[in-house]
Structures are given as C-alpha cells and as structure tokens.
Amino acid sequence: MNVVKRVHIVPLGYEYDRILEPIRAQRADLVYLLADERTDDGGDSAVTADYHDDLLAELESTVPDVETRRCDLGDVYAVLGEVTTIAAEHADDTVSVNVSGAGTIPAIGATMACMDVSTDAHAYYVEPSDYAHEGEREPISTGVAEIERLPTYPIDSPTPDQVAIMGFLADPDAWDGYHEARTTPPKKKDLIEYARDRGLSFMADRRPPEERGGEDKGAFRVLDTHVLEPLEADGYVTIESVGRRRVVELTEQGGNAYRAFKHKLADGE
C-alpha cells in the first residue's frame, strides 16, 4: 500500500521564516529546495546567503527528507520545468508549492507550473509579519502572518506527442536520416517519418506509405490536427512554404516550452 506523502517545493531565495514555517505547520514529509544555480562571480559557487546553512539544518531536523535541486531561478521556464518535473515524479502524493520564497521570477514560474492541468500541485503564498532586512546577511522578512492557498486558472500544456515533435525540431542532430539539409528546418514529411519511427500515438494506427500503396495524405492531416495546428496557435512553431515544401521551425517560445515540459517524455511516454 502506497503512503501519500506531503511534498513541498520551495525556490530558495533570501527568506527564512517564509520557507520554514509553512513546512513545519503542514508537517511535510519531503521538501525540495530549488537552489539558484547561477553564480555571483562567474565561478563555480552558486549565489547563496550566510543563513542558508542554518535554514537547511533546521529543515533537516524538522522534515524526514530534504533534497536540494539546482535551478536557474532567473529563468521562468527553468523554474516551471523543474516544478512540473518534480510534481510529475510525485503524481500520487500531495504536492504544495511555495511561491513566496525567492522573488518575482521564481514565483511566476512556480505559479504557472501549478496551472498546468497535468500537474496536480497547489500553490501557496506566505504573508510575512514584517519586511525589515537586506537579504544577503539576514532574511528580507521575518515571521509569518498568513499562509494563503492561491486560486488556480488551469492551462493546457503540450501533449507528449507535441513535446516529442518540439524536441525533434530543437535538435538538428536528430534530423539525420530524416532531413536532407541540416541548414534548413525539417518539412512535414520528416516529422511524419520521425513520429512513425518513435511510435508517437498520433501515428500509431496509420500504416506507412509502402503498405498503403502510395503516399499517405491522411498522415499530413493527422499531423496538422493533433500536433502542428495546436503548436502554431500557441506560438511554439512556424510553418512556411519554401518552394514546394512546407517546413516547420521551432520558435524561441517553443524552445522554452520544450524545456519546461520535456519531462513528459520520461519513462517512455
């Protein structure tokens, strides 16, 4: 019988009480601290605060299991991706996400992660008792006045098939064997061949052209309907005519979305 764990995810910034007290009050079983992987001097040591060691020691004395993961807290999509990945790993547990532990950008990424309809995680905000300090030597706030669970407005994330196609578009090395020129984006036919080879679900019931006695024009309609049209509508890909070909290119926004949701390809999805 699986025991449901109380899992907390917290971006680690210049806070102390706002991180510790909700975890203590809600009796968390497992805590993930998202520590900033960026450096303050271009070296190998991550940006940190003097009291982080004390906070970690207190958490470890309070919670059965504490894990630190490195993440670029200055990148919304990096935070979004890390939170959705951890939440997916704990799909059978109760996952709570503290969006008030590290400032605006991590808060946005963490909140967006909780809006993903495939992520059953809940965001909460901690109102401190007082804002008083600078942050690097002492926490920027003290005490906890209120812990508020935030409302969520669900958003649809890309499907595993869509993420797989974005991953293919993001990696020119993957084009070998499908696409004749690495200097230009793949065309729709290349995506169909890749989808068949990888067994993506939207092509699972369609036989290859050689078994159908000719070109499978229906495959193009399925590709458009299930993958490309939704991705284009979200601004993740562009589709342009180059001569007689229709080539597909990943946008910068699509690249960010792939980074955020590539965990959907784990475990053979």
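Let's start in a loop. Arg-27 is found between α1 and β2, the strand at 30-36. This is a predicted model, by the way. What is the phi of Arg-27? It is near 50°, a positive value in a residue other than glycine. Most residues other than glycine have a negative phi. Is Arg-27 buried or exposed? Its relative accessibility is 62%, and the cut-off for exposed is over 50%, so Arg-27 counts as exposed.

Step back to the helix just before that loop. Helix α1 covers residues 17-25. Several of its residues are buried: Arg-18, Ile-19, Leu-20, Pro-22 and Ile-23. Arg-27, with its positive phi, comes just after α1.

Now the overall picture. The protein has nine helices and ten strands. Its length is 269 residues, and 44% of them are buried. Next, contacts between residues at least 6 apart in sequence. Of these, 63% join residues at least 24 apart.

On to the interior. The largest nonpolar core holds 51 residues. Which members touch the most other members? They are Ile-9, Val-83, Val-97, Leu-191 and Phe-202. Take Ile-9. Leaving out residues up to four places away in sequence, Ile-9 touches Tyr-32, Leu-34, Val-83, Ile-86 and Ala-87. Ile-9 also touches Val-95, Ser-96, Val-97 and Asn-98. Apart from this core lies another, with 16 residues. Leu-33, Ala-35, Tyr-51 and Leu-55 are among them.

Next, a helix pair. Helix α3 runs over residues 76-89, and helix α9 over residues 252-261. Their axes come within 7 Å and cross at roughly 30°. Angles under 35 degrees count as roughly parallel, so that is the term for α3 and α9. Which residues meet here? From α3 come Tyr-77, Ala-78, Leu-80, Gly-81 and Thr-84. From α9 come Gln-253, Asn-256, Ala-257, Arg-259, Ala-260 and Phe-261. By class, the contact has six nonpolar, four polar and one charged residues.

Last, the cysteines. How many disulfides does a search of the whole structure find? Zero. A disulfide is a covalent bond between the sulfur atoms of two cysteines. Two cysteines to look at are Cys-71 and Cys-114. Cys-71 has 3% relative accessibility, and buried means under 20%, so Cys-71 counts as buried. Cys-114 is buried too, with a relative accessible area of 5%.

To recap: look for Arg-27 in its loop after α1, Ile-9 in the largest nonpolar core, and α3 roughly parallel to α9.

Note on methods
Residues are numbered from 1 along each chain as its sequence is written. This is a predicted model: local features need pLDDT of at least 70, side-chain atom pairs count only at pLDDT 80 or more; totals for chains, interfaces and linings use all residues. Side-chain values use heavy atoms; hydrogens and water are left out. A nonpolar core is a set of buried Ala, Val, Leu, Ile, Met, Phe, Trp, Tyr and Cys residues joined through side-chain atoms within 4.5 Å. Buried means under 20% relative accessible area, exposed over 50%, partly exposed in between (1.4 Å probe, protein chains only). Contact means heavy atoms within 4.5 Å. A disulfide is a pair of cysteine sulfur atoms within 2.5 Å. Helices (H or I, at least four residues) and strands (E, at least two) are DSSP runs, numbered from the N terminus. Axes are lines fitted to C-alpha atoms, for helices over the stretch in contact, and angles run from 0 to 180 degrees between N-to-C directions. Angles under 35 degrees count as roughly parallel, over 145 as roughly antiparallel, 65 to 115 as roughly perpendicular and the rest as oblique. Ala, Val, Leu, Ile, Met, Phe, Trp, Tyr, Cys and Pro count as nonpolar, Asp, Glu, Lys and Arg as charged, and the others, Gly among them, as polar.
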